[in-house]
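Let's walk through this one together, starting with how far to trust it and ending up at the ligand. Have a look at the model first.

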Amino acid sequence: MDEDIPMLVPQEQNISSTSMRTAPVPVTIITGFLGSGKTTLIMRLLNDNTHNKKIAVILNEFGSSSGIDKSLSLKDGKITEEWLELANGCFCCSIKDSGVKAIENLLKRNKSFDYVLLETTGLADPGPIASMFWLDEALQSELYLDGIVTVVDAKNISNYLDETKVGLNEATKQIALADRIILNKIDLVDQNTLSSLKTRISAINSVAKIAETVQSKADIDFIFDLHSFDHHHKDPFEKENSMQLEHAVETVKTVAFTVNGVVESKKLDEWLQKLLWEKSIDKEMEILRFKALINMGDHHKYIVQSVLELFDIQKGQEWGSEEKTNKLVFIGRHLNEEMLRKSFAECLEDL
Ligand SMILES: Nc1nc2c(ncn2[C@@H]2O[C@H](COP(=O)(O)OP(=O)(O)OP(=O)(O)O)[C@@H](O)[C@H]2O)c(=O)[nH]1
């Protein structure tokens, strides 16, 4: 591993050009265990001419140049330092510092990017990376986190999930935190294996939609513009039947429930602090991701999201003809459903 690779800049860009962008640029985190098909997916997206996006791919290889080596096989590529400039206006680069500032600077240097794909290493835990990009609107960043897409190797994922370590393994966390799951390499497994894999993945994360693919060929719409972390996200329960499955083997699982009543915003905020910051509701519980649709008694839905300790409450669309209710979904380890239900009930207005 070469630790001395410098921060990479595009040599041929007009450094003085200020951004013409008015809206922030979406960032999609592409994660997945070693060899699952992340690069295959990215190459496909770069070479697809139906989406009209100028994509900047950031390979978060932390000093290794392997990502770039792989990317050299991209069609019509031209290498500029550690940048690969593609004929369709997209760029590929490897940076050691994948922090928000580094990527913002990168965007400033090239006004034509309108989408960022951030590929993590196979062993990365996407939680801290997602927390870094999930910024408060008040910070007026040029970036916003659009979603987390996890590529899963259908042939090998069971072995990775079975791996017993004291903590949670990365493969489990990558599935737990996903908004979308690309279950790839299905050509290498039979129907029974595929079906039990889907059950197992849904037991960990029953909210993320799953696409079954060969060569990571998922629909463009399945990946781009998900708005998973903002109020444009319609419903955290968009996947039908997103209720939890009983699957005793998994330590990480989904718990989902619905509660009627009107929630008081102050109490909700205090509950989230206790749940995610103080962990005083149940010390054992480790919540990786939480999504909820909340009824605060007015015409709007409120959407709550959390990734690790970060949380956010946003005003969403109007309820329309739907029944006003509170839907909650938790993904994490050692989830205590009884305590979750009991403690949440204290956020409700007294009748
Ligand atoms: N049989 C089969 N092979 C696939 C499929 N998708 C990708 N591959 C192959 O699997 C290998 C790994 O794919 P990559 O896209 O490089 O995987 P990756 O997740 O980027 O790998 P790392 O960066 O090393 O973690 C390559 O040889 C691909 O050609 C698939 O659906 N079926």
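Which elements of the protein have the lowest and the highest mean pLDDT? Strand 3 (residues 78-80) sits at the bottom with a mean of 40, while strand 8 (residues 180-184) tops the list at 97. Keep in mind that this is a predicted model, so numbers like these are your guide to it. Over the whole protein the average pLDDT is 79, and 73% of the residues score at least 70.

Two stretches deserve some caution. Residues 1-19 stay under 50 in pLDDT, and the model has 35 contacts beyond four places in sequence for them. The other stretch is residues 62-81, again with pLDDT under 50 and with 41 such contacts. For the complex, the predictor reports an ipTM of 0.98 and a pTM of 0.82.

Now for the overall build. The protein has nine helices and 14 strands, and 39% of its 351 residues are buried. Take the contacts between residues at least 6 apart in sequence: 79% of them join residues at least 24 apart.

Helix 4 (residues 126-133) is a nice one to zoom in on. Its buried residues are Pro126, Gly127, Ile129, Ala130 and Phe133. They share one side of helix 4, because they span an arc of only 165° around the axis.

Finally, the ligand. There are 18 residues around it, and Gly37, Lys38, Thr39, Thr40 and Gly122 come nearest. Helix 1 (residues 38-47) gives the most to this shell, with three residues. By character, the shell has ten polar, four charged and four nonpolar residues.

Note on methods:
Residues numbered from 1 in each chain as written. Predicted model: local features only at pLDDT ≥ 70, side-chain atom pairs only at ≥ 80, totals over all residues. Buried ≥ 20, exposed ≤ 12 C-beta atoms within 10 Å, placed from the backbone. Helix = DSSP H or I, 4+ residues; strand = E, 2+ residues; numbered from the N terminus. Arc of directions from axis to C-beta. Near = placed C-beta within 6 Å. Nonpolar A, V, L, I, M, F, W, Y, C, P; charged D, E, K, R; others polar. Contact = placed C-beta atoms within 7 Å. pLDDT = per-residue confidence, 0-100.
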